[in-house]
Amino acid sequence: MKTPISDFVSKYADSDITRFHMPGHKGKSFLGCESLDITEIDGADVLYSCNGIIKESEDNLSSLFGTAHSFYSTEGSTLCIKAMLALVTLGKKNPLVLAARNIHKAFCYAAALLDIDVEFIYSSSRHLCSCELSCDDVEKAIDNCTRKPDALYLTSPDYLGHIQNIEGIAKVCKEKNIPLLVDNAHGAYLKFLPESRHPIDLGATICCDSAHKTLPVLTGGAYLHISKDAPKEYTERAREMLSLFASTSPSYLIMQSLDICNRYLTEDYRAKLLGTVNRIEHCKAKICNLGYHIKGSEPLKIVIECAEAEKLSAHLREYKVECEFADERYLVLMAGTENTESDFVKLEKALECYKGCREASKLTLPIGFKAKKIMSIREAMLSASEIVPLSQALGRVCATPTVSCPPAVPIVISGEEITAEAVDLFDRYGITSISVVQDG
């Protein structure tokens, strides 16, 4: 597969052009990548009105994923989330989106900017990052909405590796004539398993992939995918909605990595992915034999349930192994095709050397999600606010989401009242101050 963006930039970098254009480094080396860092010069195309090399590269991507069209983002899935919510609420007065409660805080920012009313689906999952739903759960939630929602929004896979029943839920949405949106930030690779588990192939209307999370793409590289079954307006206006929220200076370094990744995916990636998945399964079996408990998850995650997950994370760091996430219950490791055999051996050795508790946590965390809604997300985020110590937050209204990234799942949604359970959970996650709406 051709790599038109990368080829153009490499040729430009090797030429004797004198750069009287942005960026200010003029191609001179400070980090080492500057010669390839360009802007929208003649021939380089323009991301949000492309008709040249970027369009060609996106067409390559679209053929890989089998979509009506797939669009590049150099600002992660955050930008794609805003764009896809904008697409399904175009022209709607008082739009309503039904969402599983484990949304990324980027969803809240989008809801504020677009003035979307949100109703949440809750589950019996006892963790901040998880909201495991059945098709019946979804159907009941749709039927119980105050009015017909303009879209259903799911996060799948979630931070703990759970994949929703996208195929079944998509059928429910089709019966209800509601578009299904999926935050598939952690699952770009799902398309390339022996049997695709990618949301678009399972019936999602629109989804976003953070390519940089699981593929060899620079941080910030992401995809917005529009299904062939989606209304044509979504494809026709997607670039416009992306540009509504995006920087006018997209990174050509990130675009080159997205472009090169297309070729990478067409070569031996499927075989490499299968080999990696098999190695991960072998690793999981060995970890279980060491006395740890492994939570079922998507193929590229290793999720260890451990009463001392945070201590275990610190122990791994001493062995020069950095995990993705750890809290009081789970330690999450994200693997990929670029991890080597020695990486897995190092991980297994480090886990073998841990002298602490290896048992799964019996801790039941207070979720505190079902707080009373006092105002809309938009009203809360755009109200006058103040930062108060956690000890003074009880009973106040959350202004902007306060949570670290990872996992970036808000403990309290903007506009909700902060409960005692939420205060406890904030404390458990080390959050000591909260943004609240000013009284009066």
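**Strand E9**

I started with strand E9, residues 301–305, in this predicted model. I asked how many of its residues are buried. Five of the five are, so I noted the strand as mostly covered.

Next I looked up where the side chains of E9 point. Lys 301, Val 303 and Glu 305 point one way. Ile 302 and Ile 304 point the other way. I found buried residues in both sets. The pattern is the expected one, because side chains in a regular strand alternate between the two faces of the sheet.

Then I listed the partners of E9. Strand E8, residues 293–295, pairs with E9 in the antiparallel sense over three bridges. Five residues lie between E8 and E9, and the two form a hairpin. Strand E11, residues 330–334, is also antiparallel to E9, with five bridges.

I picked Val 303 to follow the bridges across. Val 303 is the bridge partner of Lys 295. In E11, Val 303 has Val 332 as its bridge partner.

**Salt bridges**

I moved on to charged pairs. Side chains of opposite charge can pair when their charged atoms come close. My count came to 20 salt bridges.

I opened the pair Asp 117 and Lys 373. The closest N and O atoms are 2.6 Å apart. Where do Asp 117 and Lys 373 lie? Asp 117 is in strand E3, residues 117–121. Lys 373 is in the loop between helix H12 (341–352) and helix H13 (377–381). The two are 256 residues apart in sequence, so this salt bridge ties together distant stretches of the numbering. I checked exposure for both. Asp 117 is partly exposed at 23% relative accessibility. Lys 373 is partly exposed too, at 47%.

I then took two pairs that sit within helices. Lys 284 and Glu 281 form a salt bridge, with the closest N and O atoms at 3.7 Å. Both belong to helix H10, residues 269–289. They are three residues apart, which means about one helical turn between them. Is Lys 284 buried or exposed? I found it buried, with a relative accessible area of 9%. Its partner Glu 281 is partly exposed at 41%.

The second helical pair is Arg 428 with Asp 424. Here the closest N and O atoms are 3.6 Å apart. Both residues are in helix H14, residues 420–428. They are four residues apart, so about one helical turn separates them. Arg 428 is partly exposed at 29%. Asp 424 is partly exposed at 30%.

I also noted a network of salt bridges. It links Arg 279, Lys 286, Glu 341 and Glu 348.

**Aromatic rings**

I searched the whole structure for aromatic pairs and got eight. I looked at Phe 107 and Tyr 153 in detail. Their ring centres are 4.6 Å apart. The planes meet at 50°, so I entered the pair as tilted. Phe 107 is in helix H4, residues 105–114. Tyr 153 is in strand E4, residues 151–155. The pair therefore links distant parts of the chain, 46 residues apart. Phe 107 is buried at 1% relative accessibility. Tyr 153 is buried at 0%.

I went on to Tyr 264 and Tyr 269. This pair is tilted, with 5.4 Å from centre to centre and 50° between the planes. Tyr 264 and Tyr 269 are both buried.

Which residues do ring pairs link into a cluster? I listed Phe 65, Tyr 72, Phe 192, Tyr 223, Tyr 264 and Tyr 269.

I added one contact between a charge and a ring. Arg 101 lies over the face of Phe 120. The distance from the ring centre is 5.6 Å.

**Cysteines**

Last, I looked for disulfides. How many are there? I counted zero. I wanted to know why Cys 50 has no bond. The closest cysteine sulfur is that of Cys 80, and at 14 Å it is too far. For Cys 80 the nearest cysteine sulfur is that of Cys 208, 5.6 Å away. Cys 80 is in no disulfide, because the sulfurs would have to lie within 2.5 Å.

I closed with burial. Cys 50 is buried, at 10% relative accessible area. Cys 80 is buried, at 0%.

Conventions:
Residues numbered from 1 in each chain as written. Predicted model: local features only at pLDDT ≥ 70, side-chain atom pairs only at ≥ 80, totals over all residues. Heavy atoms only, no water. Buried < 20%, exposed > 50% of the residue type's maximum accessible area, 1.4 Å probe, protein only. Phe/Tyr/Trp six-rings, centres within 6.5 Å; stacked < 30°, edge-to-face > 60°. Lys NZ or Arg CZ within 6 Å of the ring centre and 35° of its normal. Pairing = 2+ DSSP bridges. Salt bridge = Lys/Arg side-chain N within 4 Å of Asp/Glu carboxyl O.
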